[in-house]
Amino acid sequence: MEKPPKFTIKCSECGIELPENYWYWNCRNCGAPLEIKIEKPNVTRRELSIREGSIWRYKEFIPLNEKSKVTLGEGFTPMIKRKIANINVLLKLEFLNPTGSFKDRGASTAITRAISLKAKRVVEDSSGNAGASIAAYAAAAGIQAKIYIPKSAPKAKKENIMIYGGQLIEVKSRSEAAERAVKELNEGDYYIGHAWNPFFIEGVKTMAYELAEQLKWNPPDNIIVPTGNGTLLLGLYKGFNELINIGWIKHRPKLIAVQPVGCAPLYEAIYGKSAGKRKAVLADAMRVANPPRIKQMIEAIRNTEGEVVLVDDAEIVCGLKHLLKLGLLVEPTSASAVSALIKLKNEGAIGGETCIPLTGCGVKMASKILRIVQKLDKC
């Protein structure tokens with residue numbers, strides 16, 4: 001059987017190296033998040049071009065055995081060029097992944113990892129999309145999934161989890177979901193914890209490879225990324241770094257994180273000032289008060305000369321309306337990146353080619369989107 005790429009698992013904080021079959025989601029020495037480093041793969045760009053259109057076309061860069069992959073055909077999503085507020089922009093249609101979210105990339109690799117460790121059940125905490133994705137991929141793998149989710153999460157996302165056969169545990173808040181998911185683990189449970197699990201990020205990073213390949217290995221100047229726990233921000237950063245290191249691209253895009261007013265820990269860490277007391281509530285997936293990988297998120301922004309943009313609910317609704325006029329129904333979290341684009345354009349603070357990943361499908365919360373866009377007449 002074909003062997004997976006050689007890799008090491010290391011603690012992001014104390015640097016301790018851990019065995020390849022390490023079961024836990026964080027460092028048992030200091031509690032910090034883990035990271036994975038792969039050896040330089042032996043593959044050419046020409047070889048990639050004739051492979052299947054999924055994240056697994058980049059199998060030499062994924063530290064798992066491709067022969068045992070759990071896949072639903074995730075990845076290699078279309079990219080279209082459109083004009084928004086007189087700005088030319090590339091829109092990567094991540095909401096066309098199997099369960100309607102970019103999280104399917106990470107679910108594929110994280111569930112594949114769980115299977116390789118012979119887990120009996122996977123456990124996740126989520127605001128909705130990651131939970132639905134993990135439930136779907138667990139079903140495809142033939143194992144159980146237990147998902148902790150806030151009561152305030154959209155009804156359709158909860159229903160998605162149950163439709164796939166996931167065990168749904170409703171709790172008061174996003175933070176309680178994370179606490180209970182870890183506290184209530186049983187023997188044989190594998191904590192997927194997409195904010196913690198380094199194998200989840202290994203799937204998400206494939207978006208960087210796709211963007212580069214779809215643009216003939218010349219990445220855009222900017223990528224605007226909705227940011228809560230930071231899995232997409234960090235996945236893009238890791239992917240582009242690997243591409244730089246093997247000489248396939250010449251520059252990394254500037255990474256621009258978007259966060260909601262009132263809950264923006266990355267903004268506060270970068271700029272040293274408050275994100276305000278008035279909370280934006282529409283982009284539920286971004287309302288993460290204590291992301292575990294905040295240090296790596298800061299590094300990603302600073303090392304790409306990026307920035308963090310705050311948006312409020314009114315701006316998010318405007319972003320939604322711009323996309324709806326293009327026939328694109330996405331979640332408010334996804335639309336926040338368009339809101340940030342318009343804000344930066346009005347400030348004269350963005351130039352060059354810009355890409356926005358549209359991360360989640362709006363069909364899961366269509367009734368809510370209809371109500372909120374009807375309330376705001378002008379943008």
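**Aromatic pairs and a parallel sheet**

Q: Trp 25 and Tyr 191, buried or exposed?
A: Trp 25 and Tyr 191 are both buried (buried is under 20% relative accessible area, exposed over 50%, partly exposed in between, with a 1.4 Å probe and protein chains only). Keep in mind that this is a predicted model, where local features need pLDDT of at least 70, side-chain atom pairs need 80 or more, and totals for chains, interfaces and linings take in all residues. Residues are numbered from 1 along each chain as its sequence is written, and side-chain values use heavy atoms, without hydrogens or water.

Q: Okay, how many aromatic pairs are there?
A: The structure has 10 aromatic pairs (Phe, Tyr or Trp rings, six-membered for Trp, with centres within 6.5 Å; planes under 30 degrees apart are stacked, over 60 edge-to-face, the rest tilted). In one of them, Tyr 22 and Tyr 24 have ring centres 5.7 Å apart and planes at 65°, which makes the pair edge-to-face.

Q: And how accessible is Tyr 22?
A: Tyr 22 counts as buried because its relative accessibility is 11%. Its partner Tyr 24 has 39%, so Tyr 24 is partly exposed.

Q: Back to Trp 25, what kind of pair does Trp 25 form with Tyr 191?
A: Trp 25 and Tyr 191 are edge-to-face, with 5.2 Å between centres and 80° between planes. Trp 25 is in the loop between strand E2 (17-18) and strand E3 (34-38), while Tyr 191 is in strand E9 (residues 189-191), so the pair ties together parts 166 residues apart in sequence. Strands are DSSP runs of E, at least two residues, numbered from the N terminus.

Q: Which ring does the charged end of Arg 28 sit over?
A: The charged end of Arg 28 sits over the ring of Tyr 24, 4.2 Å from its centre (NZ of Lys or CZ of Arg within 6 Å of the centre and 35 degrees of the ring normal). Arg 28 also lies over the face of Trp 25, at 5.1 Å from the ring centre.

Q: Nice. Which residues are linked into a cluster by ring pairs?
A: Tyr 58, Phe 61, Tyr 209, Trp 217 and Trp 248 form that cluster.

Q: New topic: what's the strand order in the open sheet?
A: The four strands run E8-E7-E6-E9, with parallel pairing (a pair needs at least two DSSP bridges). Strand E8 (167-171) and E9 are at the edges with a single partner each, so one side of each has no neighbour in the sheet.

Q: How many bridges join E7 to E8?
A: Five bridges join strand E7 (residues 144-150) to E8, and the two run parallel. Lys 146 is opposite Gln 167 in E8.
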